[in-house]
Amino acid sequence: MNYRVPQPVPQVILDDVRGAQKMLSGVSRVTAMEGSRHLSALTGSPVHLKCENLQRTGSFKLRGAYVRIAGLRPEQRAAGVVAASAGNHAQGVALASSLLGVRSTVFMPVGAPLPKVAATQDYGADVRLHGQVVDETFLAAQEYADRTGAVFIHPFDHRDVIAGQGTVGLEILEQCPEVRTILVGIGGGGLAAGVAVAVKALRPDVRVIGVQAAGAAAYPPSLRAGHPVSVDEPMTMADGIKVGRPGDVPFNIIAELVDDVRTVSEDALSSALLLCLERAKLVVEPAGCSPVAALLAEPELYGGGPVVAVLSGGNVDPLLLQRILRHGMAAAGRYLSLRLRVADRPGALAGLLAVLSVVDANVLDVSHMRTDPRLGLTEVEVELHLETKGPEHCAEVARSLHGAGYKVMS
């Protein structure tokens with residue numbers, strides 16, 4: 001589907017992106033393009049991964065931030081810059097400012113992951129923690145800009161930022177000239193808009209498809225309405241694309257040039273992250289693997305020619321990664337949690353574990369509960385966390401327990 005709005009000419013053109021590419025020479029990396037045999041077999045078309053997770057600062061954000069700050073007038077540079085971000089944009093602005101000799105202040109939410117805060121500081125920014133949610137952080141940064149004269153560097157709603165992100169599209173065409181479909185995650189829309197500008201100008205036959213997390217999908221209703229609309233309380237593990245309202249500048253470009261916007265579930269995101277880690281040996285954050293999630297969810301849509309999935313970032317908090325991996329294993333049928341009741345007597349647990357051993361289920365954790373008023377005097381509830389080999393193995397475990405006389409409660 002191709003939504004049209006009354007503004008047919010994008011506010012960013014190919015020459016802007018080419019200019020940004022020259023500006024970024026020697027600054028950003030031309031990131032690798034890796035093939036994926038597993039995804040290729042799934043879709044029936046060659047699938048390549050554009051590894052922006054291996055970019056400097058761990059995401060594509062450096063590209064747009066550098067182009068935006070490099071374009072400031074001398075008096076603007078002297079006033080410094082300010083940004084608001086939970087992670088990737090923060091690091092991009094911090095490094096870009098340091099490379100250009102510009103003072104930067106970055107506001108981050110109070111609950112921002114400590115590794116991202118530390119990295120932003122290490123890149124040279126003055127980090128200030130403010131607000132419980134990103135909206136509050138944005139407001140604080142804008143107030144700081146009004147008060148001090150510092151230039152506010154928006155993460156996606158500026159033509160220079162979009163031009164910088166569009167250099168990803170130029171690299172894709174150079175690295176994979178036979179590409180037929182490009183999948184790119186969408187939050188505010190800067191990356192997707194930039195890629196679309198570059199690709200559609202040079203190869204209008206290439207499909208550009210955006211991907212959003214279903215719990216934070218502001219673009220589908222906005223495209224139907226013909227203007228940006230907000231999603232109340234966006235909810236997703238993919239904080240990099242957890243944006244409640246499209247940017248005005250990228251929205252017009254996406255409405256004109258992007259062929260479709262798909263949504264993916266949290267299960268699909270966690271499964272995609274697990275696949276990137278296990279099969280491609282790449283650490284990718286949930287937002288960064290949203291294109292892979294789209295391929296996993298609807299592989300039949302991407303036949304007919306080579307596909308490039310843009311892995312937009314790899315900055316994921318280790319504690320969050322641990323939870324997501326467990327969620328991904330559960331979604332793939334490789335992690336099974338269940339509760340059942342056994343007799344409260346010596347040897348009962350050993351008998352239960354013997355049944356699980358026969359079917360080769362790996363027990364990760366066991367816990368007992370004796371205080372539930374629903375339990376009989378001679379019963380104990382056992383909660384098990386098992387590592388399994390897939391959905392069929394999960395079913396085999398359940399059948400074996402049932403056959404041995406156990407009643408599985410969940």
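The legends below accompany close-up views of a predicted model.

**View 1. The six-stranded open sheet and the order of its strands.** In this predicted model, six strands form an open sheet in the order E1-E2-E10-E7-E8-E9, and their pairing is mixed. Strand E1 (33-35) and strand E9 (260-264) stand at the edges, each with a single partner strand, so one side of each is left without a neighbour in the sheet. On average, and with direction ignored, neighbouring strands of this sheet are turned by 25° against each other.

**View 2. Strand E7 and its pairing with E10 and with E8.** Strand E7 (residues 181-185) pairs in the parallel sense with strand E10 (residues 307-311), over 3 bridges, and in this pair Leu183 has Ala309 of E10 as its bridge partner. The pairing of E7 with E8 is likewise parallel and runs over 5 bridges, with Val184 matched to Gly210 in E8. Of the 7 residues of E8, 6 are buried, so this strand is largely enclosed by the rest of the structure.

**View 3. Helices H8 and H12 against the six-stranded sheet.** The sheet shown here is the open one of 6 strands, ordered E1-E2-E10-E7-E8-E9. Helix H8 (residues 159-175) packs on the sheet, where it touches E1, strand E2 (47-51), E7 and E10, and the direction of H8 makes about 140° with that of E2. Helix H12 (residues 266-278) lies across strand E8 (207-213), E9 and E10, and runs at about 90° to E9.

**View 4. The four-stranded open sheet, with strand E4 between E5 and E3.** This open sheet consists of 4 strands in the order E5-E4-E3-E6, with parallel pairing. Its edge strands are E5 and strand E6 (151-152), each of which pairs on one side only. Strand E3 (residues 81-84) and E4 run parallel and are joined by 4 bridges; across this pair, Val82 stands opposite Thr105, and Ala83 stands opposite Val106.

**View 5. The side chains of strand E4 and their burial.** In a regular strand the side chains alternate between the two faces of the sheet. In E4, Ser104, Val106 and Met108 point one way, whereas Thr105 and Phe107 point the other way, and all of them are buried. Strand E4 (residues 104-108) is accordingly described as mostly covered, with 5 of its 5 residues buried.

**View 6. Gln132 in the loop that follows strand E5.** Gln132 is found in the loop between strand E5 (126-129) and helix H7 (134-148). The relative accessible area of Gln132 is 60%, and because exposed means over 50%, this residue counts as exposed. Although Gln132 and Met108 are 24 residues apart in sequence, their C-alpha atoms are 9.2 Å apart in space. When its neighbours within four places in sequence are left aside, Gln132 is in contact with Pro109 and Val110.

**View 7. The packing of helix H1 on helix H3.** Helix H1 (residues 14-24) and helix H3 (residues 61-70) pack with their axes 10 Å apart, at an angle of about 95°. With an angle of this value, H1 is therefore roughly perpendicular to H3. The residues that meet are Ala20, Met23 and Leu24 from H1 and Arg63, Tyr66, Val67 and Ala70 from H3. By class, the residues of this contact divide into 6 nonpolar, no polar and 1 charged.

**View 8. The packing of helix H15 on helix H16, with His393.** Helix H15 (residues 348-358) and helix H16 (residues 391-403) pack at an angle of about 140°, and their axes are 9 Å apart. The two helices are therefore oblique to each other, and their crossing is right-handed. Leu352, Val355 and Leu356 in H15 meet Val397, Ser400 and Leu401 in H16, and the residues of this contact divide into 5 nonpolar, 1 polar and no charged. His393 is also found in H16, and at 7% relative accessibility, with buried meaning under 20%, His393 counts as buried. Apart from residues up to four places away in sequence, His393 touches Val359, Asp360, Ala361 and Thr388.

Methods
Residues are numbered from 1 along each chain as its sequence is written. This is a predicted model: local features need pLDDT of at least 70, side-chain atom pairs count only at pLDDT 80 or more; totals for chains, interfaces and linings use all residues. Side-chain values use heavy atoms; hydrogens and water are left out. Axes are lines fitted to C-alpha atoms, for helices over the stretch in contact, and angles run from 0 to 180 degrees between N-to-C directions. Angles under 35 degrees count as roughly parallel, over 145 as roughly antiparallel, 65 to 115 as roughly perpendicular and the rest as oblique. A crossing is left-handed if the near helix is turned anticlockwise from the far one by less than a right angle, and right-handed if clockwise. Contact means heavy atoms within 4.5 Å. Ala, Val, Leu, Ile, Met, Phe, Trp, Tyr, Cys and Pro count as nonpolar, Asp, Glu, Lys and Arg as charged, and the others, Gly among them, as polar. Buried means under 20% relative accessible area, exposed over 50%, partly exposed in between (1.4 Å probe, protein chains only). Two strands pair if DSSP finds at least two bridges between them.
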